[in-house]
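Open the model in your viewer and get ready to select residues by number. We will go from stop to stop, and at each one you will find something to look at.

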Amino acid sequence: MATPLIVSFGEMLIDFVPDTSGVSLAESTGFLKAPGGAPANVACAISKLGGKSAFIGKFGDDEFGHMLVNILKKNGVNSEGVCFDSHARTALAFVTLKKNGEREFMFYRNPSADMLLKESELNKDLIKKAKIFHYGSISLISEPCRAAHMAAMKTAKDAGVLLSYDPNVRLPLWPSTEAAIEGIKSIWNEADIIKVSDDEVTLLTGGDAEKDDVVLSLMHDKLKLLIVTDGEKGCRYYTKKFKGRVPGYSVKTVDTTGAGDSFVGAFLFSLGKDGSILDDEGKLKEALAFANACGAVCTTQKGAIPALPTPSDAQQLMKSKSK
């Protein structure tokens, strides 16, 4: 059977990370450049696990833009959906790693090329070939990218492709917190699968993310699966038929960048191979345990894409912790 294609839509950018952990941007004396952008990380995660992925997005026709597309290619990601803008730059983000490995962001997008993707530039044939179409919410912030995002979702939906949504909230990019909540919720009811972090549940509901009834307020009629990630504690899953929790794996965390994307990529990789995991709780728990392991492995080294695991990395962690 042909390997199913998973298409990821949105932004790819360069993260500048201080070469010393635990310092502020102002205190840092040097920065390492690392490829970033959640949808691109997810595409690379899928490919590194042995899946088939493609990325759709726009880059500046500059050194950084071409560097990023080359990184996609090197990581085995199909780049037929990529285009370049000669008038706008590739987005940059300065990311500080605090002492605990958590992050703070400062973005340079004014406007960056990814925000200027137009519907006419979409590779709709690529979207129609997918089994799963995955996206975030950053591409909803401004036009023309928002219209391109909506058109891409419609193309996928009409072709019977599963829609996967990870809002990946970055509040500094939105005009206000209220605009972020409204924008993120504006496409909520279209998705078949949604992954949110516990912090995002709190943001979107104003309630306690630990409480099932709060999480369940985010369910909608078309939603086949809602996943809530709880950091190193693992994740929770909610479908119309069942709900539960899958514990995480404790590791020595160096950098949490890309952990959520590693988790999502691993889950979509499993779902691509076997769509029945949405209806089979045993299979679902196995897929989520594997995704938890992939997320954990990703935190054990700096950067997102370089830290993405292979299947054996994840399986090794799962074996070592199950003794």
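A residue counts as buried when its relative accessible area is under 20%. Keep that cut-off in mind, and remember that this is a predicted model.

**Stop 1: Ala38**

Select Ala38, which sits in helix H1, residues 38-48. Is Ala38 buried or exposed? Its relative accessibility is 13%, so Ala38 counts as buried, because the limit is under 20%. Now show what surrounds Ala38: leaving out residues up to four places away in sequence, it touches Glu11, Asn168 and Asp261. For a distance to try in the viewer, pick the C-alpha atoms of Ala38 and Met153; they are 17 Å apart, with these positions 115 residues apart along the chain.

**Stop 2: Asn168**

Asn168, one of the residues touching Ala38, is your next selection. Look for Asn168 in the loop between strand E9 (162-165) and helix H5 (177-185). Asn168 also counts as buried, at 12% relative accessibility. What is the phi of Asn168? It is positive, about 50°, although Asn168 is not a glycine. Most residues other than glycine have a negative phi, and most peptide bonds are trans.

**Stop 3: two cis peptide bonds**

Go to Asn110 and Pro111, which are joined by a cis peptide bond with omega of about -20°. Pro111 belongs to the loop between strand E7 (103-108) and helix H3 (124-128). Then move along to Glu143 and Pro144, where a cis peptide bond has omega of about 5°. Pro144 is in the loop between strand E8 (132-135) and helix H4 (145-158).

**Stop 4: Val264**

Now select Val264 in helix H8, residues 259-273. With a relative accessible area of 4%, Val264 is buried. Which residues does Val264 contact, apart from its neighbours within four places in sequence? They are Val42, His134, Asp166 and Lys195. Take Asp166 and check its C-alpha atom against that of Val264: the separation is 8.1 Å, although the two residues are 98 apart along the chain.

**Stop 5: the second largest pocket**

Stay with H8 and add H9 to your selection; these are the elements that give two or more residues to the lining of the second largest pocket. To see the lining, select Ser270, Lys273, Asp274, Ile277, Lys283, Glu286, Ala287 and Phe290. The pocket has a volume of about 150 Å³. Which element gives the most to this lining? The answer is H9, with four residues. Try colouring the lining by class: you should find three nonpolar, one polar and four charged residues.

**Stop 6: where H9 meets H10**

Finally, show helix H9 (residues 281-298) together with helix H10 (residues 311-321). Two packed helices are described by the angle between their axes and the distance between the axes. Here the axes come within 9 Å and cross at roughly 100°, and H9 and H10 are therefore roughly perpendicular to each other. On the H9 side, select Ala289, Phe290, Ala293, Cys294, Ala296 and Val297. These residues meet Pro311, Asp313, Ala314, Gln315, Leu317 and Met318 in H10. By class, the residues of this contact divide into ten nonpolar, one polar and one charged. Before you leave, highlight Phe290 once more: this residue is in the pocket lining from the last stop, and Phe290 is also among the H9 residues that meet H10.

How values were computed: Residues are numbered from 1 along each chain as its sequence is written. This is a predicted model: local features need pLDDT of at least 70, side-chain atom pairs count only at pLDDT 80 or more; totals for chains, interfaces and linings use all residues. Side-chain values use heavy atoms; hydrogens and water are left out. Buried means under 20% relative accessible area, exposed over 50%, partly exposed in between (1.4 Å probe, protein chains only). Contact means heavy atoms within 4.5 Å. Axes are lines fitted to C-alpha atoms, for helices over the stretch in contact, and angles run from 0 to 180 degrees between N-to-C directions. Angles under 35 degrees count as roughly parallel, over 145 as roughly antiparallel, 65 to 115 as roughly perpendicular and the rest as oblique. Ala, Val, Leu, Ile, Met, Phe, Trp, Tyr, Cys and Pro count as nonpolar, Asp, Glu, Lys and Arg as charged, and the others, Gly among them, as polar. On a 1 Å grid over the protein atoms alone, a cavity is a set of points where a 1.4 Å probe fits but cannot get out, and a pocket is an open set with protein on both sides within 12 Å along at least five of seven lines; lining residues have an atom within 4 Å of a point. Grid points are joined across faces, edges and corners, and a volume is the space filled by probe spheres set on the points.
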